[in-house]
Amino acid sequence: MSLLSLEAVSGFYGDFQALFDVSLTVEEGETVAIIGANGAGKSTLLAAVAGTLARVEGSVRFDGGPAGGLPPHARVRLGISLVPEGRRIFPSLSVEENLLLGAYSGRPGPWTVSRVYELFPLIERVARTPGARISGGEQQALAIGRALMANPRLLLLDEVSLGLAPIVVGQLYAAMPEITGLGTTVLLVEQDVSQALRAAGRVYCLLEGRVSLEGRPGELTSEQITAAYFGV
Ligand code: ATP
C-alpha cells in the first residue's frame, strides 16, 4: 500500500482547471520530485494533497484511507505537512516561536526544537530573532524545521531553492537524508531539474496540468525529460 496515492485528480481555481486526471503514488521512505515549467500545476498538486486547494475532484488517499475531504489541519494530524512556496514565516515571532507553532496540531515523534537546530545550525544562531529579520536561506530552513515539528510522515516541499544562493540550496538539500532517515517521506516540487534529479529517487513531470513523464532519474534520458517538460 502506498503512503500517498492520487487517482484521476483534477484541481480547480473557480472555473479554471489547473490539474487534469493526475494519478501518482508515493511509497513510504521515498523521495519523489515533481518537475515542470512555470504554471504546470506543481504547487496546485501539493495544495491538493495538503488540503489547501478549494476544489479537487478524484481520489486522494493517505495511508490507505481517504484524505480528499479533510481540512488542512486534519491532514497535518494524519501526518501531512506542507512547506509552502514563499515560506509564510510569522514575521513578528522569533525563529523559536515559529518552530514551536509547528508542533501545534502535529503528531508525537522524533522532531524537537533541538533536533531542528542540529539539522540546521544556521537557525539556532538566530533563535531569538524575529522571522522578518532573518535571511531568505534562514527563512527556508525555518519553514522546513517548522513543518518537521509536526512530525510528518509526508513532508511536502514547494520550491526549496527559489531565490536562494546555490551554497544555501546545497545546505538545505544536504539535510534531506537525515529527514528521510528519521522516517519522513518527501514529496518535493523543484524548478531546478538537475537538483530534483539529484535529490529524488523518482520524478514526475507535469505539463499543463497533466503527468507527462514518470520514472527514476537514472532511467530517464535528457531527451525524454526535455520533451515532457516543454511538450515538444
Ligand atoms: P510556478 O512554478 O510558477 O509556481 P506551478 O507549476 O507551481 O508553477 P501552479 O502555481 O500550480 O503552477 O499553477 C498552475 C496554474 O494555475 C497556472 O496556470 C496558474 O496561473 C494557475 N493558478 C495558480 N494559482 C491560482 C489562483 N490562486 N487562482 C487562479 N489561478 C491560479
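How far is an oxygen atom of the ligand from a polar backbone atom of Gly41? I looked this up first. The distance is 2.9 Å. I note that the model is predicted.

**Entry: the ligand**

I went on to the other polar contacts of the ligand. At Ala40, a polar backbone atom is 3.1 Å from a ligand oxygen. At Lys42 the side chain takes part: one of its N or O atoms is 2.8 Å from an oxygen atom of the ligand. I then checked the cover. On its own the ligand has 620 Å² of accessible area, and the protein covers 61% of this. I listed the surroundings too. The ligand has 14 residues around it. Gly39, Gly41, Lys42, Ser43 and Thr44 are the closest.

**Entry: the four-strand sheet**

I traced the strand order next. It reads S2-S1-S4-S5, in an open sheet with antiparallel pairing. S2 (16–26) and S5 (65–66) each have a single partner strand, so each edge strand has one side without a neighbour in the sheet. I looked closer at S1, residues 4–13. Seven bridges pair S1 with S2 in the antiparallel sense. Which residue in S2 stands opposite Leu4? I found Val26 there.

**Entry: helix H1 on this sheet**

H1 covers residues 42–50. I see this helix lying across S1, S2 and S4 (55–62). Its angle to S2 is about 70°. I also note that Lys42, where H1 begins, is among the residues closest to the ligand.

**Entry: the six-strand sheet**

I followed another open sheet, with six strands and mixed pairing. Its order is S6-S7-S8-S3-S9-S10. S6 (80–83) and S10 (210–215) are the edge strands, and each pairs on one side only. I checked the turn between neighbouring strands. On average it is 20°, direction ignored.

I then took the S9–S10 pair. S9 spans residues 202–207 and runs antiparallel to S10, with five bridges between them. Leu206 has Val211 in S10 as its bridge partner.

**Entry: helices on the six-strand sheet**

Which strands of this sheet does H1 touch? I count in S3 (31–36), S6, S7 (154–158), S8 (185–189) and S9. The direction of H1 makes about 150° with that of S7. H1 therefore appears in my notes on both sheets: it lies across S1, S2 and S4, and it packs on the six-strand sheet as well.

I closed with H10, residues 222–230. This helix packs on the sheet too, touching S3, S9 and S10. Its direction makes about 35° with that of S9.

Terms used:
Residues numbered from 1 in each chain as written. Predicted model: local features only at pLDDT ≥ 70, side-chain atom pairs only at ≥ 80, totals over all residues. Heavy atoms only, no water. Pairing = 2+ DSSP bridges. Helix = DSSP H or I, 4+ residues; strand = E, 2+ residues; numbered from the N terminus. Contact = heavy atoms within 4.5 Å. Axes fitted to C-alpha atoms, helices over the stretch in contact; angles between N-to-C directions. Near = heavy atom within 4 Å. Polar contact = N/O pair within 3.5 Å; in protein donor to acceptor, adjacent residues only side chain to side chain. Areas by Shrake-Rupley, 256 points an atom, 1.4 Å probe, with all protein chains shown as cover.
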